[in-house]
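Visitor: Could you take me through one part of this model in detail, keeping to what can be computed from its atoms? I would like a single connected account.

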Amino acid sequence: MNAPKRIGVVAHARRPQSIPTANHIVETLQARGIDTWMSIRWDKANHTDLETPTDMVIAIGGDGAMLRAARTCAVYSIPVLGVNMGYLGFLPEVSSPDDWEQYVDRLAAGDYWIEKRMTLEATIMREGETRASGTALNDVVINRNRSLGTVLLQTYIDGYWTTTYHADALIIATATGSTAYALAAGGPILPPELHNILLLPVAPHLSMDRPLVLSEGASVQIVLSPERGSDVIVVADGTPIAEMQPSDTVVIRAGKDKGMFVRMRDRNYFYRSLLDRLEPRQQTRSTPDQLTIDLSAFD
């Protein structure tokens, strides 16, 4: 990759401890001749810096900070490098601010690659007119807003009726989202490079209870059944988009923009990184640290 010439550094507005880290990162980048700007706000209106040439944004925080940064930067095709200060930190590339010094020289030399991830565009329609819309990198979730109970959702794929979900909620996820809420609900794990939509009901009652992975390019239309429709909300990456009324339709398709992440690990990092968070590395007494098979013989 080309060495970045201008980098934005965004601290976490609700984590004051991230500001000294951001200042330190700015200083190390400037010492290597890289132009920088710094912000602690994620509102689109406060990111006028993105409208001028910016090669990369460094987001300080956890997975939530990475999602906000990636959604904001996707419109401008700007990749995001995450520095973890969160609890899980699955999306950030730099696991801790203490590790920053190990990455800065490689970054300045252009020693990194860009991982592109699918986004979702959700549009809420009422009587043929658009009422609201939103973008998600993880998932779009349709569920009850304030009351208890289930939702009844007539589901179409590419305009053709598929099934009606009677469940606590319906998750429509990307491959990125397959390791988030969808994973907790029992869904499959999809590698991040896939551009497929995942449908997964939460606690389904007498209805389809298996996850569906749709073909790349497929779209989904969800109609809130008038037979059981009230107090239902559509949420994108944890942010409410709009409440639904009976017969409203949510149209979900692949977004035109891609979430772009800066990676410095090997391209097959995903599975080991995931398993490190899902299970401890427990070895039996007979488990060697490394295979004795010469893998080069299979090349």
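Guide: Since this is a predicted model, what follows describes computed geometry, beginning with the surroundings of one arginine. Leaving aside residues up to four places away in sequence, Arg-15 touches Gly-61, Gly-62, Met-85 and Gly-86. Arg-15 itself sits in the loop between strand 1 (6-10) and helix 1 (18-31), and its relative accessibility of 25% is above the 20% under which a residue would be buried, so Arg-15 counts as partly exposed. As for its placement relative to Ser-286, which lies 271 residues away along the chain, the two C-alpha atoms are separated by 45 Å.

From there we can turn to the aromatic rings. The structure holds 3 aromatic pairs. In one of them, the ring centres of Phe-90 and Phe-270 lie 6.0 Å apart and the planes meet at 70 degrees, so this pair is edge-to-face. It joins distant parts of the chain, 180 residues apart, with Phe-90 in the loop between strand 4 (80-84) and helix 3 (101-108) and Phe-270 in helix 5 (residues 269-278). Phe-90 counts as buried because its relative accessibility is 8%, and Phe-270, at 4%, counts as buried as well. Phe-270 also forms an edge-to-face pair with Tyr-271, with 5.2 Å from centre to centre and 75 degrees between the planes. Tyr-271, by contrast, has a relative accessibility of 48% and therefore counts as partly exposed. Taken together, Phe-90, Phe-270 and Tyr-271 form one aromatic cluster.

How values were computed. Residues numbered from 1 in each chain as written. Predicted model: local features only at pLDDT ≥ 70, side-chain atom pairs only at ≥ 80, totals over all residues. Heavy atoms only, no water. Helix = DSSP H or I, 4+ residues; strand = E, 2+ residues; numbered from the N terminus. Buried < 20%, exposed > 50% of the residue type's maximum accessible area, 1.4 Å probe, protein only. Contact = heavy atoms within 4.5 Å. Phe/Tyr/Trp six-rings, centres within 6.5 Å; stacked < 30°, edge-to-face > 60°.
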